[in-house]
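Visitor: I should like a close look at one part of this model, namely its salt bridges. Please set them in the context of the chain as a whole.

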Amino acid sequence: MDTEAAAPAPQFQTEQMSNWHPSTDEAGRLTIDMGAIAANYRRLCAMHPAARVGAVVKADAYGLGADQVASTLAGQGARDFFVAHLAEAIALKPLLPTDAVLFVLNGLAPGSELLCAEAGIRPVLSTPEQARAWYTLAVDLGRDLPAALQVDTGMSRLGLSEAELDEVLDWPDFAGQVNIRLLMTHMACADMPGAPANADQICRFARFYARMPSVPRSLANSAAALFLPEAAGDVLRPGLVLYGVEPGPGGAPGMQPAIRLEARVIQLRNIPAGTGIGYGFDYIADRPLRAATISAGYADGWPRALSGKGAAWFAGQRLPILGRISMDSCMVDVTNLPEGRIRPGDSVELIGPNQSVADLAGQIATTPHEILTSLGQRFARSYINSPSLSGEETQS
Ligand SMILES: *Cc1c(COP(=O)(O)O)cnc(C)c1O
């Protein structure tokens with residue numbers, strides 16, 4: 001599984017990015033490096049040799065394409081996959097090896113029990129009602145049904161309390177009917193490794209675990225996988241860091257960036273001093289400048305909150321966003337580029353070597369998760385395998 005671990009760190013090459021397909025890349029292009037995602041997975045495995053490293057591929061693998069990501073990670077040995085909804089699990093199941101398992105993090109929706117059982121999907125049971133429904137179905141079907149059980153250790157989001165767990169474990173033959181394959185909790189502050197809440201949650205989790213000590217434990221998201229070894233448990237649930245994005249201020253040591261986002265220049269114009277730019281004239285040119293209109297707006301997932309503060313990049317130059325971002329486009333200042341250096345049809349970098357997902361999130365005080373999950377819908381996606389693995393490029 002680790003045969004390629006010694007390969008040099010694959011990096012995005014500019015040449016790989018520049019072959020536009022004008023008919024399909026009208027807005028811009030999201031390039032996803034499956035080689036980097038695979039390498040990040042292997043790196044987590046190497047950091048946690050005693051645990052199983054799962055993969056969180058909910059929300060279409062954070063907008064990067066769950067089909068592609070899950071198949072790639074299965075090829076690296078991943079067998080524990082996590083999604084939010086049953087429909088996501090059902091869509092992925094046929095693409096995965098038969099020994100892979102899919103967990104539904106949002107649990108068992110009323111009425112979906114039979115569908116879930118027949119599809120061979122494992123719900124994450126988070127309330128006594130969900131546990132009761134799964135238990136009843138197992139009794140009715142006359143076979144035990146696998147599931148994960150989530151307990152609340154302090155985040156107040158999802159999961160059973162200690163009293164609720166005791167109640168459930170008291171049901172006649174609960175353990176015989178419901179085959180608990182994972183005891184799960186979620187950490188509220190894993191991106192702040194020094195926070196006292198982490199030790200509190202780990203300590204509370206131990207009390208739950210004492211009631212079912214033979215069940216594998218799962219506590220760790222990306223931040224915990226990187227920075228909280230005491231919360232590693234037996235099955236890790238990383239999402240963000242697989243995609244090469246830093247889950248917190250500690251960065252993502254040893255992980256490789258896996259995405260690049262580019263938009264196309266639609267029009268260039270010279271703007272006299274005193275001219276308003278964009279909706280509401282939020283920006284008025286205080287000097288003559290050259291502006292480029294680029295084909296990325298908030299409907300593409302390019303956050304409107306970057307209006308007046310974000311930037312695109314071209315040829316090593318920062319191109320500040322001028323005024324408000326529109327639905328399908330925005331204007332950037334290209335005055336500092338030599339005349340004729342940038343032209344309609346050229347592509348500018350929105351996410352890449354000069355500007356990471358975490359940088360963008362920091363500029364507008366949101367999480368990198370939100371930036372990433374917003375991107376996937378409208379940009380043309382293109383998949384590459386970083387050069388150390390293969391030079392193949394495919395389009396979708
Ligand atoms: C989304 C999610 C994860 C993954 O979180 P990352 O920060 O992307 O690693 C793990 N566990 C649960 C329960 C989640 O909802």
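Guide: Contact here means heavy atoms within 4.5 Å. In this predicted model, residues 24 or more positions apart account for 67% of the contacts in the protein chain with a separation of 6 or more. The secondary structure comprises 13 helices and 20 strands. For 396 residues, a compact globule would have a radius of gyration near 21 Å, and the 24 Å of the protein chain agrees with this. The C-alpha trace spans about 80 × 45 × 40 Å along its principal axes.

The surface and the charges form the setting of the salt bridges. Of the 396 residues, 53% count as buried. The accessible surface of the protein chain is about 16700 Å², and carbon and sulfur atoms contribute 52% of that area. The chain carries 30 positive and 41 negative charges, whose mean positions lie 4 Å apart.

The structure holds 14 salt bridges. One of them joins the side chains of Asp166 and Arg211, with an N to O distance of 2.6 Å. This pair links distant parts of the chain: Asp166 belongs to helix 8 (residues 162-169), whereas Arg211 is in the loop between helix 10 (196-209) and strand 9 (217-218), 45 residues apart. Asp166 has a relative accessible area of 32% and is therefore partly exposed, since that class lies between under 20% for buried and over 50% for exposed. Arg211 is likewise partly exposed, with a relative accessible area of 32%.

A second salt bridge is formed by Arg217 and Asp234, whose closest N and O atoms are 3.1 Å apart. Here too the pair links distant parts of the chain, with Arg217 in strand 9 and Asp234 in the loop between helix 11 (222-227) and strand 10 (235-236), 17 residues apart. Arg217 is partly exposed at a relative accessible area of 26%, and Asp234 is partly exposed at 25%.

A further salt bridge connects Arg287 with Asp333, the closest N and O atoms being 3.1 Å apart. Arg287 lies in the loop between strand 13 (283-284) and strand 14 (289-294), and Asp333 lies in strand 17 (residues 330-333), so this salt bridge ties together parts that are 46 residues apart in sequence. Arg287 is partly exposed, with 34% relative accessibility, whereas Asp333 is buried, with a relative accessible area of 10%. Beyond individual pairs, salt bridges that share partners join Glu162, Asp166, Arg207 and Arg211 into one network.

One more acidic residue merits attention. Asp282 is placed in the loop between strand 12 (276-277) and strand 13. With 51% relative accessibility, Asp282 counts as exposed, because that class begins over 50%. Apart from its neighbours within four places in sequence, Asp282 is in contact with Ile277, Gly323 and Arg324. The C-alpha atoms of Asp282 and Gly308 are separated by 8.1 Å, although these residues are 26 positions apart along the chain.

Note on methods
Residues are numbered from 1 along each chain as its sequence is written. This is a predicted model: local features need pLDDT of at least 70, side-chain atom pairs count only at pLDDT 80 or more; totals for chains, interfaces and linings use all residues. Side-chain values use heavy atoms; hydrogens and water are left out. A salt bridge is a side-chain nitrogen of Lys or Arg within 4 Å of a carboxyl oxygen of Asp or Glu. Helices (H or I, at least four residues) and strands (E, at least two) are DSSP runs, numbered from the N terminus. Buried means under 20% relative accessible area, exposed over 50%, partly exposed in between (1.4 Å probe, protein chains only). The radius of gyration is taken over C-alpha atoms; the globule rule is 2.2 Å times the number of residues to the power 0.38. Accessible areas come from the Shrake-Rupley method with a 1.4 Å probe; for residues, only the protein chains shown count as cover. Lys and Arg count as positive and Asp and Glu as negative; His and the chain ends are not counted. The place of a charge is taken as NZ of Lys, CZ of Arg, CG of Asp or CD of Glu.
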